[in-house]
Amino acid sequence: MPPASKADKKAAVDAAAWMFNVVTSVGIIIVNKALMATYGFSFATTLTGLHFATTTLMTVVLRWLGYIQASHLPYPELLKFVVFANFSIVGMNVSLMWNSVGFYQIAKLTMIPVSCLLEVMFDKIRYSRDTKLSILVVLLGVAVCTVTDVSVNAKGFIAAFIAVWSTSLQQYYVHFLQRKYSLTSFNLLGHTAPAQAASLLLIGPFLDYWLTNKRIDAYNFRVPSVIFMILSCTIAMGTNLSQFICIGRFTAVSFQVLGHMKTILVLILGFLFFGKEGLNLQVVVGMVIAVIGMIWYGNASSKPGGKERRSHSISRSSQQKHGGMSESSEADEKV
């Protein structure tokens with residue numbers, strides 16, 4: 001057999017990275033749902049802080065083993081990232097508390113248009129018509145199978161607005177920092193995980209008390225619940241790392257679009273493990289529409305012109321006025 005081409009190797013690594021993210025993300029949702037529903041551990045923000053504390057330990061071990069090399073990330077950049085990331089976590093929790101489940105799901109769906117807007121504004125990305133339509137199909141499918149009751153109130157809308165923009169900025173910033181400072185996923189995680197762990201463990205117990213009216217020090221820690229907490233923190237190391245790997249290899253928009261496959265898998269696994277009372281024709285139709293949209297997005301965005309950076313638009317127009325270079329040398333940069 002002929003040796004695999006560079007493109008084939010990249011495709012294989014991309015698929016492995018994405019599968020790693022899907023497996024860990026779906027796994028942690030299932031484990032956390034069991035931890036909260038079965039054992040009554042409702043301290044979501046504090047649990048996230050424990051996730052990043054465990055991830056910090058992982059980065060320390062990897063640095064000691066030589067897998068993470070010395071790198072530099074300016075403190076202002078780190079501070080901005082931590083602010084975006086923590087507002088994302090807190091905003092999502094507050095949005096879920098103050099909004100109906102339907103409006104919460106709609107708010108999550110708006111992250112894709114917001115991420116597109118950020119890429120258009122800051123990276124000068126241009127999307128083809130098919131790419132835009134495929135994104136709309138994905139949004140339609142996920143909306144059909146997840147959105148039920150929709151009610152809006154002022155404070156819930158503000159919480160959702162903060163959650164959507166901070167999450168989109170955090171995911172965009174992952175890609176931006178890796179490019180600007182030539183950081184690997186391990187490097188970036190080594191910089192951000194300790195700061196997120198410290199800040200979330202500091203504010204988490206107070207925020208969770210405000211959201212649930214329960215104190216974490218009054219929680220009855222039993223062996224089964226502690227085992228599930230350890231399992232959750234273990235899987236979270238892979239979830240955090242795989243998110244940085246995927247956004248670094250793709251973009252925030254692709255991560256969001258393909259990420260809705262996790263929503264579909266969570267629904268399916270939820271029906272398998274927690275009962276099938278929510279499984280109906282509407283949900284099945286929504287799943288099928290969403291999967292069709294994801295396949296279409298993958299094909300559309302990979303075609304020439306499907307998703308490009310307009311980095312040479314000025315020079316191209318200038319060359320056309322002066323009868324300049326050939327069309328092939330003027331092509332926009334493929335993203």
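**A nonpolar surface patch, salt bridges and two cores**

Helix α7 makes the biggest contribution to the nonpolar patch, with 4 residues. This is a predicted model, and everything below should be read with that in mind. The patch sits on the surface and brings together Leu 79, Val 83, Phe 87, Val 152, Phe 157, Ile 158, Phe 161 and Ile 162, which jointly account for about 760 Å² of accessible area. Two helices, α3 (75-98) and α7 (154-180), supply at least two patch residues each. Leu 79 is one of the patch members and belongs to helix α3. With a relative accessible area of 56%, Leu 79 counts as exposed because the cut-off for that class is over 50%.

Next come the charged pairs. Searching the whole structure turns up 5 salt bridges. One of them pairs Lys 80 with Glu 77, whose closest N and O atoms are 3.5 Å apart. The two residues are 3 positions apart in helix α3, so about one helical turn separates Lys 80 from Glu 77. Their surroundings are not alike in accessibility: Lys 80 is partly exposed, at 40% relative accessible area, whereas Glu 77 is buried, at 7%. The pair also takes part in a network of salt bridges that links Glu 77, Lys 80 and Lys 180.

What does the salt bridge between Arg 179 and Asp 123 tie together? The side chains of these two residues meet at 3.2 Å, N to O. Arg 179 lies in helix α7, while Asp 123 is in the loop between α5 (111-122) and β1 (125-127), so the bridge connects parts of the chain that are 56 residues apart in sequence. Here too a partly exposed residue faces a buried partner: Arg 179 has a relative accessibility of 37% and counts as partly exposed, and Asp 123, at 9%, counts as buried.

A further salt bridge joins Arg 215 to Asp 217, with 2.6 Å between the closest N and O atoms. In this case Arg 215 and Asp 217 are both exposed.

Turning to the interior, the largest nonpolar core has 26 residues, and Phe 81 and Leu 188 are the ones that touch the most other members. Several helices feed into this core, with α1, α2 (44-65), α3, α7, α8 (185-212) and α9 (223-249) each giving at least two residues. Leaving aside residues up to four places away in sequence, Phe 81 is in contact with Gln 170, Tyr 173, Val 174, Leu 177, Thr 192, Gln 196 and Phe 244. A separate core of 18 residues lies apart from the largest one, and its members include Tyr 127, Leu 139, Ile 264 and Val 283.

One polar residue rounds off the picture. Is Asn 32 buried or exposed? Asn 32 is part of helix α1 (residues 6-39), and its relative accessible area is 15%, so Asn 32 falls in the buried class, which means under 20%. Once residues up to four places away in sequence are set aside, Asn 32 touches Leu 47, His 51 and Ser 232.

Terms used
Residues numbered from 1 in each chain as written. Predicted model: local features only at pLDDT ≥ 70, side-chain atom pairs only at ≥ 80, totals over all residues. Heavy atoms only, no water. Patch = residues over 30% accessible without salt bridge, like charges linked within 9 Å, V, L, I, M, F, W, Y side chains within 5 Å. Areas by Shrake-Rupley, 256 points an atom, 1.4 Å probe, with all protein chains shown as cover. Salt bridge = Lys/Arg side-chain N within 4 Å of Asp/Glu carboxyl O. Buried < 20%, exposed > 50% of the residue type's maximum accessible area, 1.4 Å probe, protein only. Contact = heavy atoms within 4.5 Å. Core = buried A, V, L, I, M, F, W, Y, C linked by side-chain atoms within 4.5 Å.
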